[in-house]
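Work through the exercises below with the structure in view, and try each task before reading its solution.

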Amino acid sequence: MTFKTKLAATVALILAAAAPLPALALDDAQKKEIGEFIKEYLVENPEILLDVQEALQKKQEDQQQAKAKSAISDNEKSIYNSPYDIALGNPEGDVTIVEFFDYNCGYCKRALSDMDEILKEDKNVRFVLKELPILGPDSLAAHKVSAAFRDLAPEKYGEFHRALLGTEGRATEESAIALASTMGVSEADIRKTMTEKPHDDAVREAYSLANDLGITGTPSYVLGNEMVFGAVGVDDLRAKIANVRACGKATCS
């Protein structure tokens, strides 16, 4: 009996067993025979397992994106126009990219050049920076310094962001304060602002959004009606920007 014949017989037996009435349940011998057929077929055709794995991954990604699209719609103001964030580029740009990042995320550091390249070549993009300190106490402390700096010198925040994220060492409270001092914002002013405006609400909002959007790591982007997870590179971001302009969505069908 060929594999195709065996497979057809197996399917027929399974369908017969699954039918309501008057089909009979499989006995132990039939179950064993079906199991052996399936095992033999899979051993001879292991690529089927890859197809199954790819189908499962695609299904999970589709479910993740469906959940994210709903969350983007429900949280549009907090995502795109939160009072805690600053946007670089064109404030009236026709496409907005929102990046969730952590100052100690290695992939975020690599993706910094992607943002700069897009902003340099495309003068109609608005790029929102949303701090998501998830990599330990140092990240949270650096974020608090960054938030204070943003309050005190918002016009210099882009420069501060690039310098702190672009550093090779670990971002800490001390390194962030030292950087702020080189940009004309004193440690005393930073610490005073951190005490008076700790921005705990900003952190809670970012964590809540990350949970709703299915974000488990940084960088993650909101672009159009879609989540983009990971440092996908400037070419992928360019393509999705073009799609938003062409069809209003990050992925045109």
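A charge sits over a ring if NZ of Lys or CZ of Arg is within 6 Å of the ring centre and within 35 degrees of the ring normal. Keep in mind throughout that this is a predicted model.

**Exercise 1.** Find the residue that lies over the face of Tyr157, and give its distance from the ring centre.

*Solution.* Start from the ring of Tyr157 and look above its face, where Arg150 lies at 5.7 Å from the ring centre. That value fits the limit, since the definition asks for CZ of Arg within 6 Å.

**Exercise 2.** Classify the aromatic pairs of the model, of which the count comes to two.

*Solution.* Take Phe101 and Tyr103 to begin with: their ring centres are 5.0 Å apart and their planes stand at 80 degrees, so this pair is edge-to-face, because planes over 60 degrees apart count as such. Both of these residues, Phe101 and Tyr103, are buried.

Turn next to Phe149 and Phe160, whose centres are 4.4 Å apart with 20 degrees between the planes, which makes the pair stacked. Phe149 belongs to helix H6 and Phe160 to helix H7, so the pair ties together parts that are eleven residues apart in sequence. Phe149 and Phe160 are both buried.

**Exercise 3.** Describe the largest nonpolar core and name the helix that gives the most to it.

*Solution.* This core has 41 residues, and among those with the most contacts inside it are Ile97, Tyr103 and Phe149. Helix H5, which covers residues 106-121, gives the most, with six residues. A second, separate core has 16 residues, including Phe100 and Leu132.

Methods
Residues numbered from 1 in each chain as written. Predicted model: local features only at pLDDT ≥ 70, side-chain atom pairs only at ≥ 80, totals over all residues. Heavy atoms only, no water. Core = buried A, V, L, I, M, F, W, Y, C linked by side-chain atoms within 4.5 Å. Buried < 20%, exposed > 50% of the residue type's maximum accessible area, 1.4 Å probe, protein only. Helix = DSSP H or I, 4+ residues; strand = E, 2+ residues; numbered from the N terminus. Phe/Tyr/Trp six-rings, centres within 6.5 Å; stacked < 30°, edge-to-face > 60°.
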